[in-house]
Amino acid sequence: MVGANVNGQPWRDDQGNLIQAHGGSILHYAGDYYWYGEDKGVANVEGTSRVPFVGISCYRSTDLLTWQRIGDVLTAANDPSQQVQAESIVERPKVLFNALTKQFVMWCHFDTPDYGFAGCLVATATQPTGPFTVQQILRPNNFDSRDMTLFEENGQAYLVHSANMNKTLYVANLTPDYLGLTGEVRKLFIDQEREAPVIFHEGEWYFTITSGTTGWRPNPALFSRSHFLVANQKLIDNPCQGPKKATTYDGQPTFGFKYQGQWYLLLDHWQREDLQHSGYSILPIEIHGRDLVVPWVDQPLQRNTAANG
Ligand code: DGJ
């Protein structure tokens, strides 16, 4: 019997192996949850804060607590163009199901080891369990792109990416097949230097949660809200609480998702000198009118009983 995972620590899968799904995201499809992330299951390249590219992993769950490893669904071998190499940076995978093409479409941050290329990798699969085949590597609309996420509503998807040397978040419309960009781009938080974007819609508000830009070192998260996805987003406050508020509980946002009527935030707890042992948290996102609170809880998916009780 494998013990329960604890927020802030490395987690184990149903076989007792370390979960390697950093910078991850969760797709709900046909009753199952698929967690895609960076497989960093090797030692750091000596003296650096990076590991050689292993793959993008996939884990499956029905309850978001017990995870079965599917395997690495994207590796250098799935890239016909052979641009993906061991020294490539492939981070923050996000996957959408495209109802028109019936394909699973993955976008990742793709980079050279010095983060100088600053682009995206787009890959597709016919099953959520992959394999994903690289379709293209690009700089979206010829802009730089580092931390990123995808957001979809009513069949229109957007790439939300840190651009202009991480100064400004850009929201770029994807084509109906989610494989490319239409050219339409809006800017959020101009010169505010936000990354690790999380974006979700609840009621009359579009909320974001982002981190500052301090590499692997934690910093205060901030939330924003607007009645519109791509206009009037205003940074409001840090949604965290208590003594670890200033470091987002020593974590960094990577994804927001709704489960049984409750929004949750998936965090990475980076160990920059030993990335494979970085931890995870799943914390509740409480919506208080137009404000967000992300309380610390010890167990993944736990609700903040103190506040709710
Ligand atoms: C912070 C980002 O949020 C991570 O995904 C990663 O790119 C590191 N920077 C690299 O320093």
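## Ligand site and fold of a predicted chain

A side-chain N or O atom of Asp147 lies 2.4 Å from an oxygen atom of the ligand. The structure is a predicted model, in which local features need pLDDT of at least 70 and side-chain atom pairs count only at pLDDT 80 or more, while totals for chains, interfaces and linings use all residues. Residues are numbered from 1 along each chain as its sequence is written, and side-chain values use heavy atoms, with hydrogens and water left out.

Arg92 and Trp216 also place polar side-chain atoms by ligand oxygen atoms. The table lists these polar contacts (pairs of N or O atoms within 3.5 Å).

| Side chain | Distance to a ligand oxygen atom |
|---|---|
| Asp147 | 2.4 Å |
| Arg92 | 2.8 Å |
| Trp216 | 3.4 Å |

The ligand taken alone exposes 300 Å², and the protein buries 89% of that area (Shrake-Rupley method, 1.4 Å probe).

Around the ligand stand Glu91, Arg92, Tyr115, Asp147, Glu195, Gly215, Trp216 and Gln252, each with a heavy atom within 4 Å of the ligand. Four residues of this shell are charged, two are polar and two are nonpolar; Gly counts as polar, and Trp and Tyr as nonpolar.

The chain contains 20 strands and one helix (DSSP runs, E of at least two residues and H or I of at least four). Its C-alpha trace spans about 55 × 50 × 40 Å along the principal axes. The radius of gyration, taken over C-alpha atoms, is 18 Å, which agrees with the value near 19 Å for a compact globule of 309 residues (2.2 Å times the number of residues to the power 0.38).

Two loops have notable backbone geometry. Between β7 (119-125) and β8 (133-138) lies Pro131, and the peptide bond from Gly130 to Pro131 is cis, with omega near 0 degrees. Asn164 sits in the loop between β10 (156-163) and β11 (168-174). Although Asn164 is not a glycine, its phi is positive, at about 50 degrees. Most peptide bonds are trans, and most residues other than glycine have a negative phi.

Note on methods: A polar contact is a pair of N or O atoms within 3.5 Å; within protein, one must be able to donate a hydrogen and the other to accept it, and residues adjacent in sequence count only if both atoms are side-chain atoms.
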